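Trainee: Hi! Could you walk me through the empty spaces inside this protein?
Mentor: Sure, let's open it up and have a look together.

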Amino acid sequence: MKRWSDLLYWVLHFCSRWMLRILYPGTEVAGMDHAKMKGPFIVASNHPNTLMDPLFSGIFLNERLFFLAHAGLFQNKSLARFLSIAGVVPIARAKDRAAGMEVNNDASFSKAIELLASGGCFFIAPEGDSELELKLRTLKSGLARIALATEKRHNWKLGLRILPVALNYESPTTAFSRAFIQYVEPIEVSDWERAYREDAARATKDLTKELDFRMRSHLIDTRDKVEEKLLLTLSRMHANDQPAAAEEHYVRKKKLLKKIRDLSQNERQQLEAKVSQYTADLRKSKLIDLSLSDHPNGKLSVGVVFGFPIFLWGVINHLPILGLVWFAERLSGILYNYLATLRGLIGWLGIFLFYPLQAWLVSHSSSSAWAWLYLLHLPLIGIFSLAYWTTYRPAFALLHRSRAEQRLINQRLELKQWIMRLLATDSGYSL
């Protein structure tokens with residue numbers, strides 16, 4: 001079973017790495033020296049983007065990862081068997097137990113300790129749930145408890161480490177956006193031996209606090225939804241006017257957040273009101289900010305015109321998959337922050353279902369050679385159409401440009417001046 005489990009993991013690892021390179025081009029990684037270390041270690045990342053978080057955390061590692069995941073994923077027997085083979089261990093949260101899910105957490109913890117003791121590596125999202133928000137939520141103590149119990153069982157000589165990972169997404173649910181991933185300096189669990197011997201509960205709390213500090217200091221961490229909306233609107237406007245690489249975009253956003261917090265209460269309220277009015281007027285006009293910026297993707301261009309027939313051909317040939325995704329979204333009633341994961345999974349299912357069927361239909365109206373060519377071109381035009389729509393969608397918003405009154409353009413200009421003022425003084429911030 002272990003051989004098949006390892007084979008499945010590395011096949012999925014290879015596929016995930018190439019899938020993320022296609023869907024998140026321009027992604028940058030810092031701290032790769034930390035990512036090259038050998039096991040045993042626990043990977044701990046923030047959790048804003050469901051399935052993408054363990055994938056991004058793991059694809060740059062050379063070690064095989066096992067995963068702790070909530071018990072709700074194991075309700076379907078077939079899925080549960082697949083997840084078990086893939087190295088996923090169920091853990092019951094309070095709300096899982098309240099829903100009647102029977103999972104022995106002690107047994108899951110014991111399995112995690114056993115795998116770590118054998119030199120294995122685990123991914124754990126210490127926030128617990130996945131929430132699509134620009135902040136690090138309170139960390140649960142389970143990771144620290146597992147780490148300390150593992151080291152204690154081996155007389156503090158195992159050499160277990162915790163590898164914090166900070167995942168900063170440009171736009172988590174949007175294909176062809178970017179991410180900036182930082183592998184942070186690892187925590188040596190054995191450093192907590194003395195504290196654990198004196199007070200195990202206190203040591204667990206302090207280790208969780210240290211992990212929180214290392215992750216939070218490398219994340220964009222807003223205080224509430226109002227601050228998050230304010231930061232996202234201003235940082236996107238600035239990126240539309242002055243595009244930057246993923247790491248530079250992260251640094252600018254971090255600096256912008258600091259400058260927003262330095263504003264007086266009166267200035268902050270004024271800026272929030274202006275941003276709220278601008279975003280409301282954009283929605284009313286059916287425009288997006290990129291369409292009003294100087295970014296080339298917001299203008300009609302040769303690429304928009306000549307790429308449109310290929311885009312349309314791609315859409316027509318992927319109508320069955322698009323229909324399946326649309327139906328699954330409405331049938332599931334899934335939360336917004338899980339939509340990207342649902343679309344990805346249903347999309348892959350649709351590819352395996354419909355691509356062969358469509359090629360088979362082509363073979364009945366032409367030769368098998370044409371059917372094979374048709375089958376091979378499907379993923380290419382699929383990727384092209386997705387990239388085309390993501391890149392040039394703002395240009396289509398120009399159809400509504402007449403609705404953009406001068407007042408809306410003036411609003412943007414005023415906000416742009418706010419941004420320039422906020423970023424004018426160097427804060428001295430660096431990674």
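**Cavities and a covered strand**

Mentor: Let's begin with the second largest cavity, which has a volume of about 40 Å³. Keep in mind that this is a predicted model.

Trainee: Okay! Which residues line the second largest cavity?
Mentor: Its lining is made of Ser235, His238, Ala239, His249, Arg252, Lys253, Leu256 and Leu423.

Trainee: And which helices supply at least two residues of that lining each?
Mentor: Those are helix H10, covering 225–241, and H11. The largest share, four residues, comes from H11.

Trainee: How does that lining divide into nonpolar, polar and charged?
Mentor: There are three nonpolar, three polar and two charged residues.

Trainee: How do people find spaces like this anyway?
Mentor: Rolling a probe the size of a water molecule over the atoms shows where empty space is left.

Trainee: Neat. How many cavities of 30 Å³ or more does the structure hold?
Mentor: It holds three. The largest cavity has a volume of about 100 Å³.

Trainee: What lines the largest cavity?
Mentor: Its lining residues are Leu134, Asn168, Tyr169, Glu170, Arg178, Ala179, Phe180, Ile220, Ala246, His249, Tyr250 and Lys253. Strand E6 (161–169), strand E7 (179–183) and helix H11 (246–262) are the elements that give two or more residues to this lining.

Trainee: Which element gives the largest share there?
Mentor: H11, with four residues. You may also spot His249 and Lys253 in the lining of the largest cavity, and His249 and Lys253 are in the lining of the second largest cavity too.

Trainee: What about the classes in the largest cavity's lining?
Mentor: Seven residues are nonpolar, two are polar and three are charged.

Trainee: Switching topic: is strand E5 buried or exposed on its faces?
Mentor: Both faces of E5, residues 121–124, are covered. Cys121 and Phe123 on one side are buried, and so are Phe122 and Ile124 on the other.

Trainee: Why do the residues split between two sides like that?
Mentor: In a regular strand the side chains alternate between the two faces of the sheet.

Trainee: And which strands pair with E5?
Mentor: Strand E2, residues 41–45, runs parallel to E5 and is joined to it by four bridges. Strand E3, residues 65–70, also pairs with E5 in the parallel sense, over three bridges.

Trainee: Which residues in E5 should I look at for those pairings?
Mentor: Try isoleucine 124, which stands opposite alanine 44. Then find phenylalanine 123, the bridge partner of phenylalanine 67.

Technical notes
Residues are numbered from 1 along each chain as its sequence is written. This is a predicted model: local features need pLDDT of at least 70, side-chain atom pairs count only at pLDDT 80 or more; totals for chains, interfaces and linings use all residues. Side-chain values use heavy atoms; hydrogens and water are left out. On a 1 Å grid over the protein atoms alone, a cavity is a set of points where a 1.4 Å probe fits but cannot get out, and a pocket is an open set with protein on both sides within 12 Å along at least five of seven lines; lining residues have an atom within 4 Å of a point. Grid points are joined across faces, edges and corners, and a volume is the space filled by probe spheres set on the points. Ala, Val, Leu, Ile, Met, Phe, Trp, Tyr, Cys and Pro count as nonpolar, Asp, Glu, Lys and Arg as charged, and the others, Gly among them, as polar. Buried means under 20% relative accessible area, exposed over 50%, partly exposed in between (1.4 Å probe, protein chains only). Two strands pair if DSSP finds at least two bridges between them.
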